[in-house]
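The questions below ask how certain labels for this model are justified. Each reply sets a value against its criterion.

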Protein chains: 2
Amino acid sequence: MALAYDYKDVHYLPTPQRGGDPVAALFRMGVTMTFAKDEEIYGQDEDADLIYRVLEGAVRTTRVMADGRRQIGDFYLADDVFGLEAGPRHRFSAEAVRDSVILVVKASALRAAGGEIERLGWEATRRELERAQEHVLLLGRKTACERVASFLKDLSDKSGGARVVDLPMGRQDIADYLGLTIETVSRMLSQLQSGRIVSFCATRQFRVVNPEGLARLADQAH
Amino acid sequence: MALAYDYKDVHYLPTPQRGGDPVAALFRMGVTMTFAKDEEIYGQDEDADLIYRVLEGAVRTTRVMADGRRQIGDFYLADDVFGLEAGPRHRFSAEAVRDSVILVVKASALRAAGGEIERLGWEATRRELERAQEHVLLLGRKTACERVASFLKDLSDKSGGARVVDLPMGRQDIADYLGLTIETVSRMLSQLQSGRIVSFCATRQFRVVNPEGLARLADQAH
DNA sequence: CGGGGTCCTTGATGCGCATCAAGGCGCGGT
DNA sequence: ACCGCGCCTTGATGCGCATCAAGGACCCCG
C-alpha cells in the first residue's frame, strides 16, 4: 500500500533542517508517512517512483521466492535512505520492521532538480551498491558464526561504535538477512556470548564485550 | 597495475561510434588498453578514479579474504561497464578472465561533463546494484543446482537468449561466483546435462536443451 | 496474578555441500 | 604422435547447517 496511504498519515514539511546533513537537501519537498510494524511500504514489482528516508523506526527490504523462501536485502535505520534499489520497478519490497516514520519524495522531482541534488542521489545509490557487495561476500564465503559476528559489528558500527546496541529486528529477520535459519542464528548468538565476545542484556539488546574479537570474527575479509 | 600501464597498450580513440549505443557517450574521450589473461586491471583499495568498458574479452571483480577464500562479485562481457562499484576506493579488484581489450575513462571527467552524461553513470550504477541484489538472493537462498541453473540462464540471456553459449571463464571462477566449490559446480553441470536441461558440446560451450526447465530451476524467485 | 500467545533457545537427527582423493580429458610443446 | 601439465570430472567420506521437536522466556490482557 505504498501510494494508497491514509491522508491522516501525511504531513507536509516546513523545510526540515536535520543538523546540516547534506542528504536532507534531497528531501526538501517530501512528505512524512507513518507505517505500523510489518506494514508494506512498497511492493515487489511496483513502480519505483519515490525514494524514502527513515526518520524513526526501521525498515527491511525483502524478496520472496515462489515457494516462500525469503531473503532480506538490507535494513534501514534512522536517517538511512532507501528505495533506490531499482530500475523502473522495485525488485524487492519494503516493510516496516516496527512502527516507523518515513519521509518520502518523488524521484522524478529529484531528477528535475538536477546538478548537486542529483549527484547526492547517485552517491546514495553507490553506497547501496557497496553494502550489497559486502552482503555478497558475507553470503558467498562466510561461515554462520562469521555472518552473525559481521551483523552485530555492523550494527554497532552504525551506532557510531557504541558498546551497547539495540536490535530493532527479530531473529527471523536476522536469519533471512544472513541466509541462515532462525535456530542457527540463535545458536551462534549463544556461542558468541559464551565466548565472551558479546553479552545479551535482553533478547533485543547486546553489549560488545570484546570488540577486537568481534572484528576478527567478522573481518576475515581483507 | 591499473595506472602503471605500458604505453604500448594505450590508443587514443577517434570518437568511437558503437552502433548508436547511448553508453558510448560516456566513453567519448577514453583510451583503450589490453590486458592478458589473469592480469589485474585495478586492485582492492586502489583509488576509484576510472571507469571501464569491455570491448573484447571478459573481466571478473574479486574479493579475497585474509585466509584465501575468494568471492567473485560479477563478470563483465563485451560492452559491459564496470568500475563503478566503489566510493573513493575500490572494494573489489578487477582482473581479465582472458585476454581482453578495455576502454578506460576518467570518472572525474565524466562528472565534470554533467547533465545527460552524468545521468548515464547513475543508470549504470543502478544496474550494477540490481545485479548485486540478484546475486544476494542467489547466494542467500538458492540451492547449488538452482545457482548453477541461474548462472547458465543468465549467460544465455546476456547473449540475447542464444541456445548455444560460450563460457568465457573456468570452473573455479564459476564456483567463486556462486559461493560453491569447483567439485559441486562440476557435479551440478553433469546433473543438468543428464536431466536434459543443457548439453555440453565442449568444456566451455553448452547448448540450452530445455529453456523452460532451465528457467524453472533458476527462477523459483517470484 | 494467572493464562495464552509469540518469540526465542536448546537438543536430536539428517542432508547437502565441502573436503579429500584419484583418475580422465584436452591442449600446447617438441 | 606423444608426452606433460592444467583443468575438469567422479567417487568416498565428513562436517556444518537445516530440519524436526520440545520446552522456556517474555508480554499483553483479563
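## Labels and their grounds

Q: What makes the approach of Arg187(A) to a base of DNA strand C a polar contact?
A: In this predicted model, a polar side-chain atom of Arg187(A) lies 2.8 Å from a base nitrogen of DNA strand C. The cut-off for a pair of N or O atoms is 3.5 Å, so the pair qualifies. Arg187(A) also has a polar side-chain atom 2.8 Å from a base oxygen of DNA strand D.

Q: Which other polar contacts are made with DNA strand C, by Glu183(B) and Ala144(B)?
A: An N or O atom in the side chain of Glu183(B) is 3.0 Å from a base nitrogen of DNA strand C. For Ala144(B) a backbone N or O atom is involved, 2.9 Å from a phosphate oxygen of that strand. Both pairs are within 3.5 Å and therefore count.

Q: How do you know which residues are around DNA strand C?
A: A residue is near the strand if one of its heavy atoms lies within 4 Å of it. There are 16 such residues, and the closest are Ser186(A), Arg187(A), Ser190(A), Thr184(B) and Arg187(B). Of the strand's atoms that come within 4 Å of the protein, 66% belong to sugar and phosphate. By class, the residues are two nonpolar, eight polar and six charged. Helix 5 of chain A gives the most, with four residues.

Q: What makes Thr181(A) and Ser186(B) phosphate contacts of DNA strand D?
A: In each case a side-chain N or O atom faces a phosphate oxygen of DNA strand D, at 3.1 Å for Thr181(A) and 2.7 Å for Ser186(B). Both distances are within 3.5 Å, so both are polar contacts. Near this strand, helix 5 of chain B gives the most to the surface, with four residues.

Q: Why are chains A and B said to be related as by a two-fold rotation axis?
A: Chain A can be laid on chain B by a turn of 180° and a shift of 0.0 Å along the axis, with an RMSD of 0.0 Å. The two copies are thus related as by a two-fold rotation axis. Also, 100% of the interface residues of chain A are interface residues in chain B, so the copies meet through the same surface.

Q: Why is helix 2 of chain B called largely enclosed?
A: Buried means under 20% relative accessible area. In helix 2 of chain B, 20 of the 27 residues are buried, so the helix is largely enclosed by the rest of the structure. This helix, residues 115–141, reaches 39 Å from its first C-alpha to its last, close to the 39 Å expected.

Key: Residues are numbered from 1 along each chain as its sequence is written. Chains are lettered from A and ligands numbered from 1 in the order in which they are written. This is a predicted model: local features need pLDDT of at least 70, side-chain atom pairs count only at pLDDT 80 or more; totals for chains, interfaces and linings use all residues. Side-chain values use heavy atoms; hydrogens and water are left out. Helices (H or I, at least four residues) and strands (E, at least two) are DSSP runs, numbered from the N terminus. The expected span of a helix is 1.5 Å times one less than its number of residues. Buried means under 20% relative accessible area, exposed over 50%, partly exposed in between (1.4 Å probe, protein chains only). A polar contact is a pair of N or O atoms within 3.5 Å; within protein, one must be able to donate a hydrogen and the other to accept it, and residues adjacent in sequence count only if both atoms are side-chain atoms. Copies are superposed by least squares on the C-alpha atoms of residues with pLDDT of at least 70 in both. Contact means heavy atoms within 4.5 Å. Ala, Val, Leu, Ile, Met, Phe, Trp, Tyr, Cys and Pro count as nonpolar, Asp, Glu, Lys and Arg as charged, and the others, Gly among them, as polar.
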